[in-house]
Amino acid sequence: MPGLVFDIKRDSSEDGPGIRTTVFLKGCPLKCQWCHNPEGISRKPSLSFRAEKCAPGGCGAACVKACPEGAMQYADGTVSARHDHCSRCEKCFPLCETKALEPVGRWMTVEEVFQRVVIDRPFFQSSGGGVTLSGGEPTQQMRFASKLLQRLKQAGIHTAIETCGLFAFPAFARELLPYLDLIYFDFKLMDDAASRHYTGAPSGPMLENFELLLRAAQIPVVPRIPLIPGITATPENLAAIAAYLRNQGVSQCALLPYNPLWQDKLERVGADSPYRNAAFMSEAEELACVSLFRKPGLSY
């Protein structure tokens, strides 16, 4: 069974201990307004088009001529993309010499992905690193993720997963948990109505899965909180998360400062979002968020 992979990032220091290689799987049940990987939301192969790199005068708008679906358009000397028309026939990509047009998502077998990541095993061994599955939401491709994790464990490679927490717990416990060494569990919004508004899903099922994991997992389950100005990074929400984690007996979490660079991806993949904040978090803003977690029983 192949899996739909949209990126494999090597030499990562942000997705777990040591030097890691992160495999990004396509598809996510959430639609967070600040999603840092909007290209990973769709469960289908798609395309990325960077108009600023396009030079139709040099190639004669070859992609427009090659596309049988009319996904690529040419008017007034400018090429544009109609993303919803793309069938991923793959005819256009080899013609784009400037790489303005690129595929997002490739079907790969477990062995193909394994061979891509296993070359980094010396770095894993020397640093205590390994492979992390991310996305999108890797539990959307449960069977593929399971087979890949099993292959990695057979090779003695440390494994981790980054999840939004919205999954069928029995399947997770059966297919993924036995082959994991670490779980990063996203915490976004405690309030159910706010979660529905900003992520498209209620918070209740995710909190329930978190509590089930705390009881069932024999490995670290680390909450990660993205600090999104005006949404998750409010005193009310962060205080509610901190109180909840303490009540659950959790002693450690990770805070992820806001990074606005995701917004450049939106137009490339034909997406949009009502949330627009182009500023990095200031040190004062970060410290204000951290202060809510600097209380007995919880460290960040």
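The largest cavity in this predicted model is lined by C164, F185, D186, F187, K188, L189, S195, T199, S203, M206 and L207. Three elements each give two or more residues to that lining: strand β10 (182-186), helix α7 (192-199) and helix α8 (204-216). About 100 Å³ of space lies within this cavity, and the structure holds 2 cavities of 30 Å³ or more.

I turn next to the open space. The largest pocket contains about 1,100 Å³. Its lining comprises 37 residues, of which H36, N37, E162, R224 and L256 are the closest to the centre. The elements giving two or more residues to this lining are β1, β8, β9, β11 (221-227) and β12.

How are the strands of the sheet ordered? The sheet is open and has 8 strands, in the order β7-β1-β2-β8-β9-β10-β11-β12, with mixed pairing. Strands β7 (106-108) and β12 (254-257) stand at the edges; each has a single partner strand, so one side of each is left without a neighbour in the sheet. From one strand to the next, the twist averages 30°.

Helix α3 (residues 110-118) packs on this sheet, where it touches β1 (3-12), β2 (20-25), β7 and β8. The direction of α3 makes about 95° with that of β7.

Within the sheet, I draw your attention to one pair. Strands β8 (residues 130-135) and β9 (residues 158-163) run parallel and are joined by 4 bridges. One residue pairing can be named: G130 has H158 in β9 as its bridge partner.

Let us now consider helix α5, residues 142-154. Does its end-to-end distance agree or disagree with its residue count, and why? At 1.5 Å a residue, its 13 residues should span 18 Å, and the end C-alpha atoms are 18 Å apart, which agrees. The buried residues of α5 are M142, F144, A145, S146, L148, L149 and L152. As a reminder, an α-helix has 3.6 residues a turn, so residues three or four places apart point the same way. Just after α5, G156 takes a positive phi of about 75°.

Finally, a contrast in exposure. Is G57 buried or exposed? G57, which lies in helix α1 (residues 56-59), counts as exposed because its relative accessibility is 77%, where the cut-off for exposed is over 50%. S146 in α5, on the other hand, is buried. These two residues are 89 residues apart along the chain, and their C-alpha atoms are separated by 47 Å.

Methods. Residues numbered from 1 in each chain as written. Predicted model: local features only at pLDDT ≥ 70, side-chain atom pairs only at ≥ 80, totals over all residues. Heavy atoms only, no water. Expected span 1.5 Å × (residues − 1). Buried < 20%, exposed > 50% of the residue type's maximum accessible area, 1.4 Å probe, protein only. Pairing = 2+ DSSP bridges. Axes fitted to C-alpha atoms, helices over the stretch in contact; angles between N-to-C directions. Contact = heavy atoms within 4.5 Å. 1 Å grid on protein atoms, 1.4 Å probe; cavity = no way out; pocket = protein on both sides within 12 Å on 5 of 7 lines; lining within 4 Å. Points joined across faces, edges and corners; volume = space filled by probe spheres on them.
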